[in-house]
Each structure stands twice: as C-alpha cells, then as structure tokens.
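Subject: Handover of a structure, with notes

Dear colleague,

Please find the structure below, together with its sequence. My notes on what was found in it follow, and I would be grateful if you could read them with the structure open.

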Amino acid sequence: MRFRAGYISVFFAVSVFMFSEGAIAAPKPGSGSVVALEKTVDGQFRLLRNGEPFEVRGVGYVIDDGTDADALALLAASGGNAIRTWGIDQLEIDADGKNLLDLAHEHGIAVTLGFWVKHARHGFDYDDVESVNRQRELLREAVLTYRDHPALLMWGLGNEMEKDFTPGASEETDPRVWKELNHLAGIINELDPYHPVMTVVDGTPASKIDSIRKLYPRLDILGINSYAGATSAGERALQAGWDGPYMLTEFGVTGTWEVQLTTWGAPIEPDPSTKAAESYTAYTVDRNRNPLRNLGSYVFLWGSKQEATFSWFGMLLPSGEKLARVDAMAYAWTGDWPTNRVPKLESMTSPVAFKEVVAGTTTYAKVDCRDREGDTLRYSWEVRAESSDRRVGGDAEAAPPSFPDAISKGQGTDRIEFKVPDTPGGYRLFVTAYDGKGGAAVHNLPFYVP
Amino acid sequence: MTRLLLITLAAVSLSGCVSATSPVEPPALDFGDFTSQTLTTQAWLALARGDYQQAISYAEKCAELYETEARKMQASMSEAAAPDKVHDYWALNDVGTSYFIRGEALTKLGRKTEAIASFKVVRDELRYAQAWDPKGWFWRPSTAAYPKIQMLEGDF
C-alpha cells in the first residue's frame, strides 16, 4: 500500500495501481470506491476519490441513538463531506434500520472507517500471541466485510494507541506498537489496495515521527489529534520530520486538560462563541498554512459526549440541536453562515460563579442570549454535580448526578433563582437556550460547597 | 491554549467565599528588578486578579525594554525553538507573551481595536515566542492569538 510518485496529468492512468505492491494479487474494485494518494514531484499530496480530488471536510462521529439520518443530513447541509469513526462496532449499530455506511452514502458522506487497535494502557499485551493474532483476525474480517462499500474513504487504523497518559511519562513510544501497526496495515494492503491507511496519534514529537518512519513504512496518512495547539499541529509534525501527508483528526476546542482551573480543580469551560472561534481558526489556519500536505480534517465531535461536562466537546446536544461550533464549521467549509444561526450567548452570570458558597444558600443566575433571526428563545437550567469520574485519553466517563429541584423560580426564562445543594462538593449550573428551530447554546458556571 | 499560563495564577481571582469578600487596595506598579521575566509575571498576575490597566502597563514596560532584542531573536529564526533551546530566546518569549497578555487585558476593557492590534503583533511579528505552562509544556502565544483575533473580528 505505498503511494508512488506521479504527476497530476498522468494520475488517472495510474491511479488504480498506486496502492498495489506487485507481489500481492490485489482484488479488482467492485462496487466500492477507489481512493488514492497522489504525490507530486515536489513532495506534495492530494487525495483522489474515484479519480476526483477530495479535500476532507470531516467530523468525528459518535451518534449512537438512532438519529443518524438527521445528524448526517445536518452535516451535509453544513458543507461537511466526511465522518470518522473509531471502531467497527459503530457500524454495527442499526440506525433508522440502516447501516451507518449506507446512511452516510445516501447523504454523500465519505467514511474513514476506524478500526480500534487496542491500547497497552488498557491491558493489551503485545507479547500475548493469542491476543495479537485475534486482533489481526478481527481486522481481516472487517476489511473483507466493508472494503467494497462505496462510502469507504480510508481505513483509520488505531487511535492514540501509542500514548502513555501517566503524568511525566516519557515521549518515547513502544516500538512494538509501530511494528504491529505496520503488520496490520499490510493486512489491509493485501485485502484492499484501493483505500489508504491512516493512523491517528497524540502529538508528534520528533522521536515519535522518527519511530513511525523507521518502523511503520506502510503508513499512508498521519492523523494528528490536537486541541489547544491545533493551529500549529501540522507545522510541528512537518518540523519533526514527517514527510508524508497528514490530517487533523481531532481538534476544535481547548481540551479539559489545557484550560484554567478553579481553586477546587474544576476545568473552566470556554463559552460557546470562544469554542466556535477556536474550531474555525484551527481548521482554516492549519489548512492554509500547509496546503497539499494537509489533506483535510475531522473536527471533534459530531454528537455529544460526557467528558468533564456533557457540553465540552460535543457539537450537538444529546437531543440533536446544533451548537455554535456547527455554524462555525459551516462557515469554514462553505464560506457562508447558515441561514438560521444558533442563539448567541453573550454572557452568563451568577454571584456564586467560580466561588465557594455556603450550602443551602438561595441565589440567582441570568443569561444574556440573543437570536440573530429573532427566534423566541426557551431556556432550560440545571444544577449538576462536578464530574467525579474523570478519565484520560477520551475514555468514557459517567455523567454526574443532576439536581432538578434546585431551580426554585424562573425555569424556562433567562433569569432563575436556585438553591445551592447542601452536600459539600463541586457543582456546575448549566443553561441551555433553544431557538425552536434546531439550534441551541449551552454554557455553565462552576461553584463549590465547602 | 489562551488560558494555559493562567492556571496557577487563577487562584488569585477565583478564590474566596462569596460572603467573605472585602475591598482590596490595588497594588502599586512594582517593576522589581525590571527583568523581562519579572515584568511578564507581574502582567500575568495583574490580568488574573482583574487589574487590566496594570496588566497593560507591565506588558508595555516589558515591550519598551526588550522588544528590540525580541525582534532580533525572531529575525534570526526560521522555526520555533526546540524545547531545550527555548530559553535562549528569552526576550522573544517574554515580549511575545506580554503582547498576548496586553491583548487579553484590552479585550476585557472593551478596547477591541487595540486588542486586535496587540494580538496581531504576536501572531505576525513575534511568531516563534513560546511560554511555559506549569502543567509541563511550552505553548505559543502566536497560536493562541489566532482565535482571539477571530473572536474580536468575526461573528461567532
């Protein structure tokens, strides 16, 4: 699965051979897509899908509640053209009675099909031959099952599997990870020479890039996850010695581990407009700074996910409404703002914000929110405990408990009275403003009961 | 990214019980030993406690004293310094960070045009400045300036 140097003018004549390795009897493409990397003589790259240049305007995708059709329609309407998944299990969830790949294809959305390469930090043992072989066999089955689907864009082989999140851990990576990835990529190359292989890493220090280049030569596209530093993530990878194409595979907001903390250690969530500006900026700056090395990107995250809060990374509410980052990415992708924007949250205030406050105190909060189209806004307020199930590396977290009885007056309006919980601990007051037309704004203020 | 160095400084503004606040005299400007490190630290502290005019004053003093040297350092570079060389570019790092702090303070004061200009100095002219995050890594104020400018210029 190595790309070969070629010229744009002769690409179409050679495209179907670009991923062949000669010695392997590659299957002919059936009804599926043919995706190739084109490398020009000056070391630049383009992705070609069925012979046409394809710049990935993608999202990480986690919808798993049967609302895929709506979510994919919104993505397509916003100018997105691709999704990225993390594991094969995401494809096995029926949505609206259809497979995710079929639904994506119906909406003109291409799919980077993620295969979850197991992590040593989760207990995977590279010396356990049985486990290694089982993973190889799972990949083989997945490739045979999905290689001919027309929505398939490329294989996403692993996500941050090299990372040791232990504080102070060395940047040096286990060479067995890269060797095994190279073996797994060989399986894909053998069974499906018509789709590139991308592997996603966390950070690109020179030592990691050096290991990848030496031990993982079958890698076609480097995927980079980067949050606060996303605008310069590609630049850093190239400076570190990466000489191939890359994509930003997770980006969009400053991470929970990168922001200011309250005195009790709670990360302070950026407001919706700040997050929208961050997403827009990361996408446009990285794309414009490294043309023809950056093949596109996948903003994190189309759907919702509990990670410190339920609203930090998700671009949609659990109930499906779009948030400000959707509009920002539509603007980035198409150059135009959507016809109906989400509400703009100007400020959210409360006397208890960022403070320690006496248990049982009755206090108030208000939000200043406006709708650009004049839609009538409805507000929903909620007190939740601070998350006590914080993880690293995006591992699943349990949602903290909610205290619906805390709101004593004004629920549904832009100003409430609420009672501070009696139990000591960290809390957040959330407000969500709905425009009634599929858009919303959500924000929160932390406080602490000593 | 924009909030990275504020983490340890935030305690100044975020501590205290609601019912236990009391008026505090604003501290006078203290340029200490006038080193770029001292001035930048004072600017961060002033920003964190909400003394935006003081933050601007400390940041501007840092630029006044060290910007010439900072620009020489920037002109000598073709890429950001490797982690083991970052401190060799002390003036660039501190002046770039000071312009970033100044932009933050001006934003808080509603002086939008000046804030944009300050962030653009970092983004376009002091691009390789780096600052240390207490959690264990360097970050680039120029990178952090991008979304700040977008926020001030765009309709997000």
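Which residue takes a positive phi just after α2(A)? The residue is A:G79, with a phi of about 100°. Please bear in mind throughout that this is a predicted model.

Confidence

The model scores ipTM 0.74 and pTM 0.85. For chain B the mean pLDDT is 85, and 83% of the residues in that chain reach 70 or more. Among the elements of chain B, helix α3 (residues 52-75) has the highest mean pLDDT, 98, whereas helix α1 (residues 11-14) has the lowest, 35. Over residues 1-23 of chain B, pLDDT stays under 50, and the model has 53 contacts beyond four places in sequence for this stretch. Where pLDDT is low, the predicted coordinates should not be read in detail.

Helix α2 of chain A

The helix that precedes A:G79 spans residues 68-77, and its buried residues are A:D68, A:A71, A:L72, A:L74 and A:L75. These residues lie on the same side of α2(A), because they cover an arc of only 155° around the axis. An α-helix has 3.6 residues a turn, so residues three or four places apart point the same way. Among the elements that cover the buried residues of α2(A) are β4 (56-61), α3 (100-106) and β11 (294-302) of chain A.

The largest nonpolar core

This core has 161 residues, of which A:V111, A:L157, B:A43 and B:A55 touch the most other members. Its largest share, 10 residues, comes from α3(B). Setting aside neighbours within four places in sequence, A:V111 is in contact with eight residues that you may wish to locate: A:A82, A:I83, A:T85, A:L101, A:A104, A:A151, A:L152 and A:L153. In soluble globular proteins, nonpolar side chains tend to be buried together.

Strand β9 and helix α7 of chain A

Strand β9 (residues 221-225) of chain A is largely enclosed by the rest of the structure, because five of its five residues are buried. On one side these are A:I221, A:G223 and A:N225, and on the other A:L222 and A:I224, so that both faces are covered. Strand β8 (residues 197-202) of chain A runs parallel to β9(A) and is joined to it by five bridges; A:M198 has A:I221 as its bridge partner.

One residue of β9(A), A:I224, is also in contact with A:G234. A:G234 belongs to helix α7 (residues 233-239) of chain A. With 26 other C-beta atoms within 10 Å, A:G234 is buried. Its contacts beyond four places in sequence also include A:Y246, A:L248, A:D286, A:R289, A:N290, A:R293 and A:N294. A:R293 is 59 residues away from A:G234 along the chain, and the C-alpha atoms of the two are separated by 8.4 Å.

A four-stranded sheet in chain A

An open sheet of four strands follows the order β12-β13-β16-β15, with antiparallel pairing. Its edges are β12 (344-349) and β15 (407-409); each has a single partner strand, so one side of each is left without a neighbour in the sheet. On average, neighbouring strands of this sheet are turned by 35° against each other, direction ignored. The partner of β12(A) is β13 (residues 362-370), and five bridges join the two antiparallel strands. In one of these bridges, A:S347 is partnered by A:D368.

With kind regards

Technical notes
Residues numbered from 1 in each chain as written. Chains lettered and ligands numbered in written order. Predicted model: local features only at pLDDT ≥ 70, side-chain atom pairs only at ≥ 80, totals over all residues. Buried ≥ 20, exposed ≤ 12 C-beta atoms within 10 Å, placed from the backbone. Contact = placed C-beta atoms within 7 Å. Pairing = 2+ DSSP bridges. Axes fitted to C-alpha atoms, helices over the stretch in contact; angles between N-to-C directions. Arc of directions from axis to C-beta. pLDDT = per-residue confidence, 0-100. Core = buried A, V, L, I, M, F, W, Y, C linked by C-beta atoms within 7 Å.
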